[in-house]
Structures are given as C-alpha cells and as structure tokens.
Amino acid sequence: MLRFKGVQLSSDLTLRTDRDFAKAQSAIDSEVIRRLEDYTPVAMERFRNRGKMSKSHIVERPGVIINTEPKAKREYYNNKGFSGRNRGRYWLDRMKADHKDDILRKAEEKFR
C-alpha cells in the first residue's frame, strides 16, 4: 500500500479540468454535427426545403445533439435511404461507426 503524505493538488485543478473537458466536448459536438450532414437524409418531397434536415442539427446542451426538423424522428427510424450513398436511417449510429476515431482524435487535440 502506498501512502502519499504532503502531496498537494493545485487549487485550480478542478477549474482547469472542467475547462479542458468543456473544450473537448465542444470539439466533439461540432465535429459530430459537421459529419452528420453527409448521413442525414434529404427531404425529397419538398424541393424548396431540400437538404434542410441535414442542416438542422443543433447542440441542445453539451453532449446532446438534436435535429430540429419535425420529421427527423420518423426519418431516423423509417427512412429507406434512397437520397444518397451514406444517407438513410440510423444516421448517428452509422456516422459514429465510420468516424469515431476521427472524432476522438479531434477531442484529444483540444486537451493538448
């Protein structure tokens, strides 16, 4: 068993850790939103709003990304995937499977 006597942690350690975590989470959120655009279906029935769903992702709070389009939930589970190579249902899960390492690398860069 090790005993550490006289070890003092910096008084601003928690503040620095929280700040670094917030920067990393912000980097993850922005990278996820950027990459989701290629996976989110394009609304085909409304040509004037074409592509609106893929540009409707926002950060609700750190770590929580939502799509503000009314039909997004239905499309997430039921889309047939005819509007593009990567586009279709379960877009977040598919994007994470393809780009998880890239996203984590971006977060790592913010910790340095």
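**Overall features, hairpin and nonpolar core**

The accessible surface of the protein amounts to about 8600 Å², and carbon and sulfur atoms hold 51% of this area. The model is predicted. Of the 112 residues in the protein, 29% are buried. Among contacts with a separation of 6 or more, 54% link residues that lie 24 or more positions apart.

The protein contains three helices and two strands, and these elements follow one another along the sequence in the pattern α-β-β-α-α. The two strands, β1 (residues 57-61) and β2 (residues 64-67), run antiparallel and are joined by four bridges. One of the residues in these bridges is R61, whose partner in β2 is V64. Two residues lie between the strands of this hairpin, where G63 adopts a positive phi near 90°.

In soluble globular proteins, nonpolar side chains tend to be buried together. The largest nonpolar core of the model has nine residues: V32, L36, Y39, M53, A72, Y76, W91, M95 and I103. Two or more core residues are given by each of the helices α1 (13-36), α2 (72-78) and α3 (91-111). Helix α3 provides the largest share of this core, with three residues.

The surroundings of one core residue, A72, were examined further. When neighbours within four places in sequence are left aside, A72 is in contact with M53, N67 and W91. Of these contact partners, M53 and W91 are also listed in the largest nonpolar core, while N67 falls within the range of strand β2 (residues 64-67).

Conventions:
Residues numbered from 1 in each chain as written. Predicted model: local features only at pLDDT ≥ 70, side-chain atom pairs only at ≥ 80, totals over all residues. Heavy atoms only, no water. Pairing = 2+ DSSP bridges. Core = buried A, V, L, I, M, F, W, Y, C linked by side-chain atoms within 4.5 Å. Buried < 20%, exposed > 50% of the residue type's maximum accessible area, 1.4 Å probe, protein only. Contact = heavy atoms within 4.5 Å. Areas by Shrake-Rupley, 256 points an atom, 1.4 Å probe, with all protein chains shown as cover.
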